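Subject: Structure handover

Hi,

Here is the structure I promised you. Please open it and keep it beside this email while you read my notes.

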Amino acid sequence: MPANLLILGGTTEAYELAERLAGHEDWHVINSLAGRTANPRRPAGETRIGGFGGVAGLARYLDARAIRAVIDVTHPFAAQMGWNAAEACQLAGVPLLRLERPAWMPEPGDRWASVATWEAAAEALRQGGARRVLLAVGRQELAPFAGIDGLWFLIRLVTPPDPEPPFRHVEWLYSRGPFVLDDERALLDTWAIDTLVCKNSGGEATSAKLVAARERGIRVVMLQRPVRPAEVATTATVAATLAWLDALQSSAYQRGV
Ligand SMILES: NC(=O)c1ccc[n+]([C@@H]2O[C@H](COP(=O)([O-])OP(=O)(O)OC[C@H]3O[C@@H](n4cnc5c(N)ncnc54)[C@H](OP(=O)(O)O)[C@@H]3O)[C@@H](O)[C@H]2O)c1
């Protein structure tokens, strides 16, 4: 009988992993989504939606559903869930793996200023001689930038913010990635952007803006990823995660579990 596998999702890689495990003889997949999106796309397998109620709630869930292993595939900027998973899995004695796409690394020609908070990013704009800024950040992350005087912002979001923060000189742009290089080049040129602000999401869907910025010598204020529990084993790809799961099942068979 397949063992229960909990995937903490909300990312492209989580959908891909669930898809690859569909119908697997060893694993029954339970996908967990936080419930931030009104009508999320359903991953392959069983899906549950909503928080667990902190570490204790997750530990209870692992026990109640006899979860054999947990894969944390939450977004690199989901700051809390990985910590909860590490603690709950330790309490419940359940193996945990983190699947995280690699962070972007600066390349020759890049002019990156690395910051740890959005407040520090706003300060870097104040200090750094920026004039025309592309803000490629989330709806919830705009507030620290709204009070900066003397700058013009192009703000790219998936959906409009509600309420709209009080930017004085702003153009709003609504679009969803992936973004291709020629379009990113045109965007930076059309609006004469001199500074880009974004977070280090990694992956290819939104990396073209960094290439276009490098080509133009545009400064990038880059938010670093939040710290994660160092003791949790981590893979960078779905393939490596599947190999980890195979190894886990093999050792369980050898032990007669
Ligand atoms: N932050 C981003 O930039 C970003 C971008 C794209 C997608 N996402 C996805 O959106 C979700 C929420 O992001 P966040 O930044 O609010 O995360 P977070 O700060 O790490 O988590 C906050 C709380 O949300 C609940 N939660 C988070 N992920 C969950 C999951 N997969 N299943 C069930 N509960 C979950 C947990 O509540 P309880 O303590 O009650 O269990 C957690 O304590 C994540 O699953 C993430 O993968 C986030």
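Start with helix α2, residues 54-64, and its packing against α3. The two axes lie 8 Å apart, and the angle between them is about 50 degrees. That makes α2 oblique to α3, because an angle counts as oblique when it is neither roughly parallel, roughly antiparallel nor roughly perpendicular. The crossing of α2 past α3 is right-handed. Bear in mind that this is a predicted model.

Why two values for a pair? Packed helices are described by the angle between their axes and by the distance between those axes.

Now the ligand. Helix α3 comes up again here. It spans residues 81-92 and supplies at least two residues of the shell around the ligand. Strand β2, residues 27-33, also supplies at least two.

How many residues surround the ligand? There are 22. The closest are S32, R36, F52, Q80 and M81. What kinds of residue make up the shell? Eight are nonpolar, eleven are polar and three are charged.

Next, look at the backbone. Three contacts are worth finding on your screen:

- F52: a polar backbone atom sits 2.7 Å from an oxygen atom of the ligand.
- M81: a backbone N or O atom is 2.8 Å from an oxygen atom of the ligand.
- A79: a polar backbone atom is 3.3 Å from an oxygen atom of the ligand.

How much of the ligand does the protein bury? On its own, the ligand exposes 810 Å². The protein buries 75% of that area.

F52 and M81 deserve a second look. Both are among the closest residues to the ligand. F52 makes its approach through a polar backbone atom. M81 does so through a backbone N or O atom.

Back to helix pairs. There are two more to check.

Take α6 (residues 181-190) and α7 (residues 208-216). Their axes are 8 Å apart, and they pack at an angle of about 50 degrees. The two helices are therefore oblique to each other. Helix α6 passes α7 in a right-handed crossing.

Then take α1 (residues 12-21) and α8 (residues 238-254). Their axes come within 10 Å and cross at roughly 50 degrees. So α1 and α8 are oblique to each other too. The crossing of α1 past α8 is right-handed.

Try finding each pair yourself, then go back to the ligand.

Best wishes

Note on methods. Residues are numbered from 1 along each chain as its sequence is written. This is a predicted model: local features need pLDDT of at least 70, side-chain atom pairs count only at pLDDT 80 or more; totals for chains, interfaces and linings use all residues. Side-chain values use heavy atoms; hydrogens and water are left out. A residue is near a molecule or strand if one of its heavy atoms lies within 4 Å of it. A polar contact is a pair of N or O atoms within 3.5 Å; within protein, one must be able to donate a hydrogen and the other to accept it, and residues adjacent in sequence count only if both atoms are side-chain atoms. Accessible areas come from the Shrake-Rupley method with a 1.4 Å probe; for residues, only the protein chains shown count as cover. Helices (H or I, at least four residues) and strands (E, at least two) are DSSP runs, numbered from the N terminus. Ala, Val, Leu, Ile, Met, Phe, Trp, Tyr, Cys and Pro count as nonpolar, Asp, Glu, Lys and Arg as charged, and the others, Gly among them, as polar. Axes are lines fitted to C-alpha atoms, for helices over the stretch in contact, and angles run from 0 to 180 degrees between N-to-C directions. Angles under 35 degrees count as roughly parallel, over 145 as roughly antiparallel, 65 to 115 as roughly perpendicular and the rest as oblique. A crossing is left-handed if the near helix is turned anticlockwise from the far one by less than a right angle, and right-handed if clockwise.
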